[in-house]
Every structure is written in structure tokens, then in C-alpha cells.
Amino acid sequence: MTRSWLIAIIIAIGAAAWIGSGLIGGGRGANGETADPGSAAVEADDSQPPQQVRTREIVAEPMIDNVSVQGRTIAHRKVTVRAEIGGRIEEILVERGAEVDAGEPIARIEVDDRQALLEEARARLASAEIEYNAAQRLNTQGYRADTQLAQARATLDSARAAVRLAELRMENLEIEAPFAGTLNDRMVEVGDYVSDGDPIGMVVELDPLRVAGQLSERHLGEIEPGTVGTVTLIDGRELEGVVSYVGAVANDTTRTFTVEMEVDNADHRIIEGLTAELTLPVSNVTAHRVSPAVLHLADSGEIGVLEVLEDDTVAFRPARIVGSAPDAVWLAGLPERLDIVTVGLGFVKPGQKVEPVPEGPIESAEGRS
């Protein structure tokens, strides 16, 4: 717990005690004067009836402790498509921002003399096949040596390879999308000359979308792939996601490790680079949910609650805060069920006999006989 939280809780305790001074009819001394609200407790006085306090039974319940980290959205996949062969760009087939399917052509390179080279390679292959078949027949009849047959076979294989190479060059004239996604950028226009390896465009896959953040090493071992959490975008949208990756190496500077979640983004409305908050469950404990106003600060500095025992005696129960919400805190270290003082904290102390009044209106001191 941070120091600011502790200060806020102490202020809440003091405020609750001050408010309680106007709600509780007790707290008067033997002379009938109201006790000083700033005092730690009211001394027991056998001549006065027991101090009346309001109580409530609280029961422990499961609590999921979450941790929130800042992150950003990341495309599931992002690839720069590059030319596999040099030449002049003849045609642009997809504009920037358009959706593409896997294998869909993005741009086309001019054929140039590649078609003629392919036809030449096929002619050489046909000639090599004829020569090999003739050499094979002559070898069978004993008129051609085995070495000559092997040479004819090598020539045939070389011709086949030349044809395949020429066909690949023709196929590589069309630059295709490697997977379905969005053509986020295009680096060429019609008439540009490209060489092998030059960038043509960038294809991004946004569904599913990844959201990455840096988690403290304190939570190492508490998060694992498959954990279900939530992602809150900067515009307030909340999405359910699943942890898909947990880094195995911490950052040398921040001592944090990367955690990524995947969320559905079928409509592609969420883009890469948005600020987001990841909320992840790090533990599941049993605790009591109470208002900060019922917390009691002991002289020792411990935080806890005041319990009313079966004999109507007040006892201090130390507790530790394991979670918080806008209007409540979660306490651990208490019995499963107990009755706690909710109004009148400023007028009782451990060991004092009280008159407990379960949740409801409390009779004022003037109205009691």
C-alpha cells in the first residue's frame, strides 16, 4: 500500500469518528457533559448505561486482486513486402488502406524480356530431351558409352532447371500479400524501378489485436498464458482479452517484463498504437469488503476493526488491506464472520462493554431511560 493510501485511510477514520459524535447519543460523562470527541476512548463508568453502538455482521467472500498496467495496441502481424526481382513497376493493384487476402497481388512488375527467356529455356529443354532419349537408345544398343549418356542426362537436368528459373521470374513479377490484412502503406508508384529486396508495401493484420504492457517483477509467476483479463482503451471501451505471451527476460533498466493480451478486432476499428490499460487478476483471496469509515487505528499504529463479542465486549481485530475500490476496501486476516462497530468508533475502546444495535436507527441518549 502506498503512503498516500495510508494517509487517506487515517483521515477517513478520523472523519468517521467525528461524524459519529453527532449520531451516537452516548459518550456523556458522569456530570452529563458530552465527552471530548478528540479523545482516544471514553473511560468506562458503571453509573452510566453501556455505550450504544451500531454494528453490522460481515462475512468473508472471494476477492480477485487485480493489477493494472499501461500499455498500447499492437498489430497481430506486420510485414514489409519486398520485391523478389528487379524491374519497372507496371501496375498498382491495391491502394493504401484497402483490405487484402492472402496471396492477392499488390503490384505488378513489367515483363520486359522475361517471356522470351522463358520460351528460349523451354526450347532448349525440348532439344535436351530429344538428345537424352537418343543417347539412351544408343547406350542400350552398345553404341554410346555410359559417360556420354551421363553427359546427356546432365544437359537435360540443366535445361529443366533453366525453365523452372524462368518460370519463377515470371511468377515473381506479381508482388503478393503474404497474409490477409490491410495494406497500411505503399512505397512505390507506376514507373518506379525496383531491385531485388526493395520495399513495396506494408501489410498489417489487426485481428486479433495484441495489447502489450510492462508488468512489475513483483507479479512474476502470477500471470500465465490463458489468463483472462480486460483491456480499457483510451476512449473508455472495455474489451475482454486473453494473455497470449509473458516475457521470459526482464528489462535491465525497469526490471519489468512484457505481458501481451489478445482481443477480438473483427471490424478492424481498433488500430495499432492506441494507449490502453490492461487489468489482470494476480491473486484470488478470501477477504471482507468494508467501508473505509469503519477502520480503526490502534495506538500501536495497526489498522483493523472493532469487533463486538458475544458478551458485548469490544475487541480490536488487526487486519491488512489487500484491495480497494472507489467506496470500499478489502481486509484480510479476520475471522470468517464477525460483528463490527460501524457507528460510535470514537466513543468506545477495546475491553469496554457496549450496547450493540444491529444496522438500523440508533436511539439517542436523551431518549433512553
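Reader: In which helix is the confidence lowest, and in which strand is it highest?

Author: This is a predicted model, in which local features need pLDDT of at least 70 and side-chain atom pairs count only at pLDDT 80 or more, while totals for chains, interfaces and linings use all residues. Residues are numbered from 1 along each chain as its sequence is written, and side-chain values use heavy atoms, with hydrogens and water left out. The pLDDT is the predictor's confidence in each residue, from 0 to 100. The mean is 58 in the helix at residues 3-23 and 95 in the strand at residues 199-205, so named as α1 for the lowest and β10 for the highest.

Reader: How many contacts does the stretch 22-44 have in the model beyond near neighbours in sequence?

Author: Over residues 22-44 the pLDDT is below 50. Where pLDDT is low, the predicted coordinates should not be read in detail. Counting heavy atoms within 4.5 Å as a contact, the number for this stretch is 38.

Reader: Which element is included in what covers the buried residues of α3?

Author: Helices here are DSSP runs (H or I, at least four residues), as are strands (E, at least two), numbered from the N terminus. Buried means under 20% relative accessible area, with a 1.4 Å probe and protein chains only; in α3, Leu149, Ala152 and Leu156 are among the buried residues. Their cover includes residues 114-141, which form α2.

Reader: Which residue of β20 is the bridge partner of Arg320?

Author: Strands pair if DSSP finds at least two bridges between them. Five bridges join β19 to β20, and the two run antiparallel. They form a hairpin with two residues between them. The partner of Arg320 is Ala332.

Key:
Buried < 20%, exposed > 50% of the residue type's maximum accessible area, 1.4 Å probe, protein only.
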